[in-house]
Amino acid sequence: MGTARKGGAVETAIIATSEIVGDYSRLFVNRGAYILQSSRPHPESGRHYYFRPKAKGTGEELSLTAATIRRHLEGELTIGLYAINPSTQRSKWVAIDADYGGAMEDLLKLQYSLQEEKVEAALEMSRRGGHLWHFMERPALARE
C-alpha cells in the first residue's frame, strides 16, 4: 500500500500484487463471465446499474482477466461475480446478501445457527445491511 495526499487528507492506495489477484481468483472466481458496475449513477434514480461488458466493435462479451480483478481490488471499478460455474453446476462459495433494516441481527442469528452445525461463515457489513459468506473446501453442487 502507498499513501497520497488529497485535499489535505492522507489516502491509502491499495496495490493488488499478482499474488493477491491470484488468491482472489482462486477463492472467488467460478467462471469467466462477470458483470461491471456503471461508473456513474443513473441521473433519475441515482442508482448504479450492472451490465455484461462487451468488446468495442464486435460486441463480444469480455471474459474476466487478472487486470480487471486488479482494478477491482484497487478500487478503480466494481465487478460482480457469478456463484455457479455453468459447466460443472458447482460453486466455491455461498453468499447471503441481506439489504434491509435489521439485516445484521438476522445474519448474526444465522451465523450462530450455522456454527452450531459446525459450518463456518464470515459476516461482512455492507452499506445497506450485510453479507454472510461460506467458502467450501471443494466446489459443491449448486443443488446441495
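Two strands count as paired if DSSP finds at least two bridges between them. In this predicted model, strand β7 (residues 122–125) meets that mark with β8, to which four bridges join it in an antiparallel arrangement. Within this pairing, L123 has L132 of β8 as its bridge partner. The connection between β7 and β8 is a hairpin, with four residues lying between the two strands.

Strand β8 (residues 130–141) also pairs with strand β6 (residues 90–98), again in the antiparallel sense, and here eight bridges are found. A helpful place to look is W93, whose bridge partner in β8 is F135.

These strands appear again around the open spaces of the model. The largest pocket holds about 1,000 Å³ of space. Its lining is made up of 24 residues, of which Y50, T78, I79, D97 and H131 are the closest to the pocket centre. At least two lining residues come from each of α1 (18–28), β3 (34–37), β5 (79–81), β6, β7 and β8. Sorted by class, the lining of this largest pocket comprises eleven nonpolar, seven polar and six charged residues.

The second largest pocket has a volume of about 170 Å³. Its lining can be traced through L36, Q37, S38 and S39, then H48 and F51, and on to R71, E76, L77 and T78. Three of the residues lining this second largest pocket are nonpolar, five are polar and two are charged. T78 is worth finding in the structure, as this residue lines the second largest pocket and is also among the residues closest to the centre of the largest one.

Definitions and conventions. Residues numbered from 1 in each chain as written. Predicted model: local features only at pLDDT ≥ 70, side-chain atom pairs only at ≥ 80, totals over all residues. Heavy atoms only, no water. 1 Å grid on protein atoms, 1.4 Å probe; cavity = no way out; pocket = protein on both sides within 12 Å on 5 of 7 lines; lining within 4 Å. Points joined across faces, edges and corners; volume = space filled by probe spheres on them. Nonpolar A, V, L, I, M, F, W, Y, C, P; charged D, E, K, R; others polar.
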